[in-house]
Amino acid sequence: MSRSNAPYPNHSILEMIAKGQTFISLSVARWAPVPLRLIVGYGFAEHGFAKLLRGPDNFTGILHAMGLPAAKTLALLTIWTEIIGGACVAIGALVPLVSIPMAIVLLVAIFTVHLQYGFSSIKLQAIEATGARFGQPGYETDLLYLACLMALVVGGSGPLSVDRWLARRVKRRVQHDGRDD
């Protein structure tokens, strides 16, 4: 039985991974924030619109039953944070700013609702004639949203974003104002 002279047993796999990384160039990687923006933005806005369409008083009642102070104010702030923040993230507008209240909404949801149900967001309890029956979701999805927001804040909103457009505009103005006319 002969032994491979390769430094690693799976040397060919490592080469394939390295070639794959080379294939994914910076010009392609710069588009990575776009799907994050779209799913996070849509997800937040959809949750906000669902609360709005059911009636803000319905959500206010839920917050009141949970014992949260100023339930009406918190309900309205949450709904508008989700709708406006979601729309801003989707188009890449003011992402570092709108991420702050969005992160607060997620953290409140984790600590007041989801933490008691554990990590997993999908808890299959049974398969019945009417379909699958699931238990209460844990905090997994909230953490995913937080991680996506953090990635967008740290890595930027990417191409086709209002933030990128604003940055180019500010840069041109600074360059223009620095010239002697």
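A salt bridge is taken here as a side-chain nitrogen of Lys or Arg within 4 Å of a carboxyl oxygen of Asp or Glu. In the predicted model described here, the side chains of Lys 51 and Glu 82 meet this criterion, with an N to O distance of 3.0 Å. Lys 51 belongs to helix H3 (residues 33-54) and Glu 82 to helix H5, so the pair ties together parts of the chain that are 31 residues apart in sequence. Both partners fall under the 20% limit for buried residues: Lys 51 has a relative accessible area of 14%, and Glu 82 has 6%.

A search of the whole structure returns 3 salt bridges. Another of these is formed by the side chains of Lys 72 and Asp 57, at 2.9 Å from N to O. This pair also links distant parts of the chain, with Lys 72 in helix H5 and Asp 57 in helix H4 (residues 56-65), 15 residues apart. Lys 72 is partly exposed, at 45% relative accessible area, whereas Asp 57 counts as exposed, at 53%. Helix H5 therefore contributes Glu 82 to the bridge with helix H3 and Lys 72 to the bridge with helix H4.

A further salt bridge joins Arg 133 to Glu 128, whose closest N and O atoms lie 2.7 Å apart. Arg 133 is partly exposed, with a relative accessible area of 38%, and Glu 128 is likewise partly exposed, at 37%. The residue range of strand S1 (residues 124-128) includes Glu 128, and that of strand S2 (residues 131-134) includes Arg 133. The two strands run antiparallel and are joined by 4 bridges. A hairpin of 2 residues connects S1 to S2. Within this pairing, Glu 128 stands opposite Gly 131 of S2.

The protein as a whole contains 8 helices and 2 strands. Read from the N terminus, the order of elements is α-α-α-α-α-α-β-β-α-α, which places the two strands after six helices and ahead of two others. Of the 181 residues, 29% count as buried. Among contacts with a separation of 6 or more, 61% are between residues 24 or more positions apart. The exposed surface amounts to about 12,600 Å², and carbon and sulfur atoms supply 67% of this area.

A nonpolar patch on the surface is formed by Ile 13, Leu 14, Met 16 and Ile 17, which together have about 390 Å² of accessible area. Met 16 lies in helix H1 and counts as exposed, at 59% relative accessibility.

Confidence varies among the elements. The mean pLDDT of the protein is 90, and 89% of its residues reach 70 or more. Helix H5 (residues 71-91) has the highest mean pLDDT of the elements, at 98, and helix H1 (residues 11-23) the lowest, at 71. Where pLDDT is low, the predicted coordinates should not be read in detail. Helix H1, with the lowest mean value, is also the helix in which Met 16 of the nonpolar patch is found. Helix H5, with the highest, holds Glu 82 and Lys 72.

Note on methods
Residues numbered from 1 in each chain as written. Predicted model: local features only at pLDDT ≥ 70, side-chain atom pairs only at ≥ 80, totals over all residues. Heavy atoms only, no water. pLDDT = per-residue confidence, 0-100. Buried < 20%, exposed > 50% of the residue type's maximum accessible area, 1.4 Å probe, protein only. Pairing = 2+ DSSP bridges. Contact = heavy atoms within 4.5 Å. Areas by Shrake-Rupley, 256 points an atom, 1.4 Å probe, with all protein chains shown as cover. Patch = residues over 30% accessible without salt bridge, like charges linked within 9 Å, V, L, I, M, F, W, Y side chains within 5 Å.
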